Amino acid sequence: KIMVVDTFHLFDSTMPFLKDLESKYGFTAEVFTPAGVDTKPDYDKKYGADLWQVDIDEYDRVAKVEPFQRGLKTLNTDVMI
């Protein structure tokens, strides 16, 4: 399985590039986002559009660490490279 963490602060080309890779190589990535939000507007409403500027530690926890840990647990991952 392939896991991707969408922080909603990736380069605009990142997710379309992922779709191209999925199509080319015939896989579907498991995408994990910050808890309780599925879109950038939802993220902005819940956490604030500038959380990364206001509290970088909280941003890292919310947008990177928690979704990553949830993804590893959800996918029952034994190894990560």
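A residue is called buried when its relative accessible area is under 20%, exposed when the area is over 50%, and partly exposed in between, with a 1.4 Å probe and protein chains only. The exercises below concern a predicted model, in which local features need pLDDT of at least 70, side-chain atom pairs count only at pLDDT 80 or more, and totals for chains, interfaces and linings use all residues. Residues are numbered from 1 along each chain as its sequence is written, and side-chain values use heavy atoms, with hydrogens and water left out.

**Exercise 1.** Classify F32 as buried or exposed, and list its contacts.

*Solution.* Begin with the location of F32, which is strand β2, residues 30–32; strands are DSSP runs of E with at least two residues, helices are runs of H or I with at least four, and both are numbered from the N terminus. Next, take the relative accessible area of F32, which is 8%, so the residue is buried. Then collect the contacts, meaning heavy atoms within 4.5 Å: neighbours within four places in sequence aside, F32 touches M3, V4, V5, D6, P67, R70, G71, T74 and L75. For one of these partners, M3, the C-alpha atom is separated from that of F32 by 7.4 Å, although the two residues are 29 apart along the chain.

**Exercise 2.** Compare the span of helix α1 with the expected one, and describe E22 and the residue just after the helix.

*Solution.* Helix α1 covers residues 14–25, and its 12 residues reach 16 Å from first C-alpha to last, close to the expected 16 Å, where the expectation is 1.5 Å times one less than the number of residues. Within this helix sits E22, whose relative accessible area of 9% is why it counts as buried. Once neighbours within four places in sequence are left aside, E22 is in contact with F27, T28 and A29. Just after α1, G26 adopts a positive phi of about 70°.

**Exercise 3.** Determine whether K73 is buried or exposed, and how far it lies from D12.

*Solution.* K73 belongs to helix α4, residues 56–74, and is exposed because its relative accessible area is 72%. From K73 to D12 the C-alpha distance is 28 Å, with their positions 61 residues apart in sequence.

**Exercise 4.** Place these residues within the whole protein, using its order of elements and its buried share.

*Solution.* Four helices and two strands are present, arranged along the sequence as β-α-β-α-α-α. Of the 81 residues, 26% count as buried. Finally, among contacts with a separation of 6 or more, 66% come from residues 24 or more positions apart.
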